[in-house]
Structures are given as C-alpha cells and as structure tokens.
Amino acid sequence: MTTTRAGTRPAPVGLPDPCGYTTLLRARARAALDTEPLLRNGHVLTLSSLLTAALGAFFWMMATSWYSTASVGRSYAALSAAMLLAGIGQLNLADILVRFVPAAGRHTRRLALRCYTVSGLFSIVVAVGFLLLVPVLAPGLDYLRAPVPAVCFTAATAGYSIFVLQDGVLTGLRHTGWVLGENAVFAAIKVALLVGFGIWALSAGILLSWAGALVVALVVTNVFLFRFAIPAHQRAGGDVPAPPRLLRYAAADYVGAFFRLCAYNVVPLMVLDRYGDTGSAYFSLAWVIAYTLFIAAYNMGSSLIVEAAHAPEKLTANGRRVLRHSAVVLACAAAVLFLGAPWLLRLFGPSYAAHGTTLLRLLVLAALPNLLVGVAVDVSRARRRLGWAVGLQGALCALVLGLSFWLLPVLGITGVGVAWVVAECVLGLPLLLTLPRWLPAPGKQS
C-alpha cells in the first residue's frame with residue numbers, strides 16, 4: 001500500500017487515488033487563483049456579466065409575454081436613455097475608482113463619497129436637461145415629461161450612476177465576488193417585480209421593476225462597502241499619499257468614456273426615432289444578447305487596470321495574457337451565439353427571430369475585433385497616455401453613429417450591425433498589425 005501525495009488515505013499500488021488526486025487539484029487550483037488575481041477577477045466580472053445577461057434575457061422574455069411589443073420597445077428606449085444619462089452623469093468616475101482605489105489607502109472612503117456626491121448631483125442635472133429637450137431629442141419618450149414619471153426617471157438616472165460607481169469601488173478593492181452577487185440580486189428582483197406588476201396590469205411595470213431592484217442593490221451593496229470592505233482596505237493600506245493629478249486624469253478619461261457611452265446608447269434612440277416602438281423592441285433584444293460579449297472584454301480590461309495599479313511593471317505581460325485568454329473565450333461564445341441566433345431570439349417570439357437574427361450575428365462578429373480596441377484603450381489608460389485612449393474611443397463613436405445614421409434608412413436595424421462590424425474592423429485591424437509596438441512581448445520592450 002502507498003499513501004497519496006496529500007497523505008490522506010491508502011490506495012492500492014499502481015492505481016490512482018481519486019480522493020487524494022482531487023484534493024491535490026483543488027489545492028493547486030486554489031493556489032493558482034490566489035496568485036492570479038488578473039484572470040480570477042476578470043473571470044468573476046465576466047461571470048457576473050453573463051449571469052446578468054442571462055437573467056436580463058429572461059427578464060425581457062417575460063416582458064414580451066406580459067406586455068405589448070410597443071410597451072417593450074418604449075420601455076427599453078427609456079431605460080437606454082437613463083443608462084446613457086447616468087453614464088454621462090457619473091463622469092466616468094467608476095473607471096477612476098477602479099484605477100485609484102487599489103492604492104488610495106486611508107483616502108478610500110473620502111474618494112468614494114466624493115465620487116458618489118459629484119456623480120449623483122450631475123446625473124440629476126443631466127436628466128432634467130434631457131427631459132426638457134425630449135420633444136427634440138426623443139419625441140417617443142414624451143410621456144416621461146409628466147410630473148411623476150419625470151421625478152422617477154431623474155431619481156433612477158442618479159441611482160444608476162451610483163450603481164455603476166459602486167461596481168468600480170468593489171472592483172478596485174478586488175471584491176469582484178460582490179459584483180457578481182449584486183448583479184445577480186438586481187436581475188433576480190427585476191424579474192420577480194416584473195411578474196408582480198404584470199399581474200396587476202401596470203403599464204409601467206417594466207420601468208418600475210427595474211427601479212425597485214435598483215434600490216435594493218444600492219442599499220445592500222453600500223452597507224457592505226462602508227461598514228466592512230472600505231474600513232478593512234484603509235487599515236491594510238496604511239498612511240499613503242492621496243492619488244496624484246486625479247482631477248486632470250479624470251477630465252481626460254471622461255472624454256473617452258463619453259464617446260464610448262454614446263456609441264453604445266445613442267443608437268437605440270436613433271432606432272426608436274426612425275422605426276418606432278416595434279423596431280426598437282426588435283433591435284433591443286438582439287443588442288442585449290450581443291452586448292454580453294462587449295461587456296466581457298470590458299471586464300477583463302477592468303481587471304487589467306486594477307493589477308496595473310498594484311504592479312505596473314507587469315502591464316505588458318498581463319495585457320498579452322488578457323488578449324490570449326479572452327480571444328479564445330470570446331471566439332467560442334461568438335460561435336455559439338452566431339449559430340444559435342435564430343433559436344435564441346425565437347424564445348422571445350417568432351417576430352424577434354425574423355427581424356433580429358442577422359443583426360445579432362453581425363453584432364456578435366463585431367465583438368471579436370472589439371477585444372483589441374478595448375485592450376488598447378485600457379493599456380493606454382494604465383500608462384496615462386489618455387490622448388491615445390480618447391482618440392480610439394472617439395473614432396469608434398464617430399464611425400458607429402455615422403454609419404448607423406447612413407445605413408438605418410437603407411438596411412433597417414440590420415444596418416446597425418453592419419456599422420458595428422465595419423467600425424470595429426477599421427480600428428481593430430491596424431491595432432493587430434501594430435501589436436508589437438503598443439504591446440511588445442516581455443523582454444522586448446524598451
């Protein structure tokens with residue numbers, strides 16, 4: 001008889017010990033995760049996005065069952081507007097928190113609260129300004145100008161900006177597991193409230209369920225942050241100086257993030273304006289599914305930035321690892337979605353599959369070169385070369401919006417998919433050809 005390498009129990013000579021081997025594998029896996037926060041945190045954030053997308057798809061599937069197509073399209077456009085305005089109002093401070101919280105030490109609480117305050121107030125201003133201009137910018141959302149919807153829309157916009165910021169704090173603190181849990185709770189409560197409001201036949205049930213879930217997620221997460229996570233981080237960080245040149249960095253980074261937000265969130269309003277509630281509904285379901293791949297690349301980039309704050313000398317090596325690892329995962333996911341697009345959309349109804357299959361396939365293809373663009377932007381941000389990051393995101397925004405404006409009247413909502421593929425390839429191909437220059441192999445960088 002021999003003992004296992006873990007020394008747990010005897011096993012016959014020449015035969016593997018399943019228990020000991022399993023214990024060994026678990027120990028090695030745990031050790032690898034402990035020493036690999038780059039991929040670990042990126043995986044958790046990506047898992048959070050996948051879970052949110054799956055529950056979000058289920059949410060919209062339930063919405064198509066309980067509510068009319070017009071109500072689904074109108075509600076999606078309103079939520080897209082709120083998220084766009086929240087993104088503008090939060091001034092890209094979520095990415096600032098990801099970048100500077102890891103090394104903020106005793107300044108972490110003050111940094112988070114200041115970002116919350118500035119973001120919340122500015123989001124309210126932006127939301128009020130949007131409501132005043134709704135007849136010009138988005139006539140289809142004119143119902144939001146009534147007193148009660150206007151107050152709720154403004155509060156939801158400010159709340160969502162805080163929701164985005166708290167994810168930035170959690171990521172910077174390496175508590176990505178809480179990002180996963182928070183988004184799961186948010187998505188699950190949305191579905192539960194949606195069914196309840198549907199039973200009560202409330203026409204605004206989609207919007208109310210989203211707002212109610214948002215309140216719960218905000219309360220639970222911030223209790224954890226300010227009572228436990230941030231105090232522990234401040235004790236561990238010690239007496240370190242405040243982050244340098246924060247305002248200058250934030251201002252430049254905000255410009256790039258604004259371009260990215262417009263690329264993602266203005267197009268739904270363009271679709272609503274041209275094709276109405278029904279066209280918006282067909283577009284929205286395809287975009288919600290494909291966006292999962294875009295946000296997965298963004299999450300891996302967030303993990304890259306956090307690790308760059310802890311170990312700047314590993315940025316190049318980590319950037320290449322993110323590219324290699326994410327390319328395989330995204331390619332597999334893209335293949336599944338591309339082939340399964342018609343069956344997946346048919347879950348929401350045959351009309352969604354008929355009008356959205358080609359659009360979904362094109363958006364899935366666009367997500368592959370988007371990985372290169374995203375990593376290039378995050379590497380530039382980590383190096384504080386913000387001019388390059390702003391330029392890439394500005395070019396992406398101009399190409400997507402310009403091509404969508406041109407192609408929507410010609411190809412319908414499929415034109416948006418063509419616009420995304422062309423825009424991402426125009427930017428991604430040069431980045432691939434010049435990869436050794438902006439992300440040299442370890443040992444070859446100057």
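A cavity is a set of grid points where a 1.4 Å probe fits but cannot get out. Helices are DSSP runs, numbered from the N terminus. Both terms are applied here to a predicted model.

The structure holds 2 cavities of 30 Å³ or more. The second largest has a volume of about 40 Å³. Its lining consists of Asp 95, Val 98, Tyr 298, Gly 301, Ser 302, Ile 305, Asp 378 and Arg 381. Three helices each give two or more residues to this lining: α4 (93–100), α9 (246–310) and α11 (350–382). The largest share, 4 residues, comes from α9. By class, the lining of the second largest cavity is mixed, with 3 nonpolar, 2 polar and 3 charged residues.

Helix α4 also packs against another helix, α5 (residues 108–137). Two packed helices are described by the angle between their axes and the distance between the axes. For α4 and α5, the angle is about 170° and the axes lie 10 Å apart. An angle over 145 degrees counts as roughly antiparallel. The two helices, α4 and α5, are therefore roughly antiparallel to each other. On the α4 side, the contact involves Leu 93, Leu 97 and Phe 100. These residues meet Leu 111, Ala 112, Cys 115, Val 118 and Ser 119 of α5. The contact of α4 with α5 comprises 7 nonpolar residues, 1 polar residue and no charged residues.

Aromatic pairs were searched for across the whole structure, and 23 were found. One of them joins Trp 60 and Tyr 76. The ring centres of Trp 60 and Tyr 76 are 5.5 Å apart, with 70° between the planes. Planes over 60 degrees apart count as edge-to-face, and the Trp 60–Tyr 76 pair is edge-to-face. Trp 60 belongs to helix α2 (residues 37–66) and Tyr 76 to helix α3 (residues 69–89), so the pair ties together parts that are 16 residues apart in sequence.

Technical notes. Residues are numbered from 1 along each chain as its sequence is written. This is a predicted model: local features need pLDDT of at least 70, side-chain atom pairs count only at pLDDT 80 or more; totals for chains, interfaces and linings use all residues. Side-chain values use heavy atoms; hydrogens and water are left out. On a 1 Å grid over the protein atoms alone, a cavity is a set of points where a 1.4 Å probe fits but cannot get out, and a pocket is an open set with protein on both sides within 12 Å along at least five of seven lines; lining residues have an atom within 4 Å of a point. Grid points are joined across faces, edges and corners, and a volume is the space filled by probe spheres set on the points. Ala, Val, Leu, Ile, Met, Phe, Trp, Tyr, Cys and Pro count as nonpolar, Asp, Glu, Lys and Arg as charged, and the others, Gly among them, as polar. Axes are lines fitted to C-alpha atoms, for helices over the stretch in contact, and angles run from 0 to 180 degrees between N-to-C directions. Angles under 35 degrees count as roughly parallel, over 145 as roughly antiparallel, 65 to 115 as roughly perpendicular and the rest as oblique. Contact means heavy atoms within 4.5 Å. Rings of Phe, Tyr and Trp (its six-membered ring) pair if their centres lie within 6.5 Å; planes under 30 degrees apart count as stacked, over 60 as edge-to-face and the rest as tilted.
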